[in-house]
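Please open the structure in the viewer and keep the selection tool at hand. The stops below are meant to be taken in order.

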Amino acid sequence: MNPKTSQDLFNKIRSQFSNIQIGDESGQPTADPSTAVFFEFEFKEDADTFGHVSVSLADGENMKVFYNRDLVNKIDEDSKTEWFAFLKELKDFAVEHQL
């Protein structure tokens, strides 16, 4: 995995969510975003928490986003717009970084 890709993804997520936990290739927590391949955080909008989200760069060729399907069912319309905008940002990130 390109360390710049990991750092860029960390910065993108951190710009919107403050509670990120990151892990390296072996699944161990790390403090160095450039070695991270797992990114976990709670999707929060204002004071509401809607669910846990995990983003993986583990195979080096793909970016995978994992979340509970109920997350979308729990979100109000304004927050749903934010959620889908965030997913589009991740898609654009993946295209830009050829993932």
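Begin by selecting helix 1 in this predicted model. Helix 1 comprises 12 residues, and the distance from its first C-alpha to its last is 16 Å, close to the 16 Å expected at 1.5 Å a residue. Colour Thr5, Ser6, Leu9, Phe10 and Ile13, which are buried. These residues cover an arc of only 135° around the axis, which puts them on the same side of helix 1. Next, display strand 1 (21–23), strand 2 (38–45), strand 3 (48–56) and helix 3, against which the buried residues of helix 1 pack.

Which residue has a side-chain oxygen within 2.9 Å of the backbone nitrogen of lysine 4, at the start of helix 1? Select asparagine 2, whose side chain supplies that oxygen.

Remain on helix 1 and select isoleucine 13. Leaving aside residues up to four places away in sequence, isoleucine 13 touches Ile20, Phe39, Phe41, Val55 and Phe86.

**The nonpolar core**

Isoleucine 13 also leads into the largest nonpolar core, which has 24 residues. Leu9, Ile13, Phe39, Val55 and Trp83 are those with the most contacts inside this core. At least two residues of the core come from each of helix 1, strand 2, strand 3, helix 2 and helix 3. Helix 3 provides the largest share, six residues. As a general background, nonpolar side chains in soluble globular proteins tend to be buried together.

**Helix 3**

Now select helix 3. Its 20 residues should span 28 Å at 1.5 Å a residue, and the end C-alpha atoms are 29 Å apart, which agrees. Colour Ser79, Trp83, Phe86, Leu87, Leu90, Phe93 and Ala94, the buried residues of helix 3. Viewed down the axis of helix 3, they fall within an arc of 115°, so they line one face of the helix. Helix 1, strand 2, strand 3, strand 4 (64–67) and helix 2 are included in what covers these buried residues. Rotate to the other side of helix 3, where Glu77, Asp78, Thr81, Val95 and Glu96 are exposed.

At the N-terminal end, helix 3 is capped by aspartate 76: one of its side-chain oxygens lies 3.3 Å from the backbone nitrogen of aspartate 78. Beyond the helix, select glutamine 98, in the segment after helix 3. Glutamine 98 has a positive phi of about 55° although it is not a glycine. Most residues other than glycine have a negative phi. With 73% relative accessibility, glutamine 98 counts as exposed.

**Salt bridges**

How many salt bridges does the model contain? The count comes to five. Select lysine 12 and glutamate 89 to see one of them, with an N to O distance of 3.6 Å. Lysine 12 lies in helix 1 (residues 3–14) and glutamate 89 in helix 3 (residues 77–96), so the pair ties together parts that are 77 residues apart in sequence. Both partners are partly exposed: lysine 12 has 23% relative accessibility, and glutamate 89 has 28%.

Move next to lysine 80 and glutamate 77, whose side chains form a salt bridge at 3.9 Å, N to O. Both residues belong to helix 3, three residues apart, about one turn of the helix. Glutamate 77 counts as exposed, at 56% relative accessibility.

Then select Lys88, Lys91 and Asp92, which a network of salt bridges links. Within it, lysine 91 and aspartate 92 meet at 3.6 Å, N to O. Aspartate 92 is partly exposed, at 32% relative accessibility.

**Two further stops**

Select valine 72 in helix 2 (residues 70–74). Is valine 72 buried or exposed? Its relative accessible area is 17%, under the 20% cut-off, so valine 72 is buried. Excluding residues up to four places away in sequence, valine 72 touches Tyr67, Lys80, Trp83 and Phe84. Valine 72 and tryptophan 83 are 11 residues apart in sequence, and their C-alpha atoms are 8.2 Å apart in space.

Finish at serine 56, in strand 3. Serine 56 is buried, with a relative accessible area of 10%. A polar atom of its side chain lies 3.1 Å from the backbone nitrogen of alanine 58. Display also Val37, Phe38, Asn62, Met63, Lys64 and Phe66, which serine 56 touches when residues up to four places away in sequence are not counted.

Terms used
Residues are numbered from 1 along each chain as its sequence is written. This is a predicted model: local features need pLDDT of at least 70, side-chain atom pairs count only at pLDDT 80 or more; totals for chains, interfaces and linings use all residues. Side-chain values use heavy atoms; hydrogens and water are left out. A salt bridge is a side-chain nitrogen of Lys or Arg within 4 Å of a carboxyl oxygen of Asp or Glu. Helices (H or I, at least four residues) and strands (E, at least two) are DSSP runs, numbered from the N terminus. Buried means under 20% relative accessible area, exposed over 50%, partly exposed in between (1.4 Å probe, protein chains only). The expected span of a helix is 1.5 Å times one less than its number of residues. The arc is that of the directions from the helix axis to the C-beta atoms. Contact means heavy atoms within 4.5 Å. A polar contact is a pair of N or O atoms within 3.5 Å; within protein, one must be able to donate a hydrogen and the other to accept it, and residues adjacent in sequence count only if both atoms are side-chain atoms. A nonpolar core is a set of buried Ala, Val, Leu, Ile, Met, Phe, Trp, Tyr and Cys residues joined through side-chain atoms within 4.5 Å.
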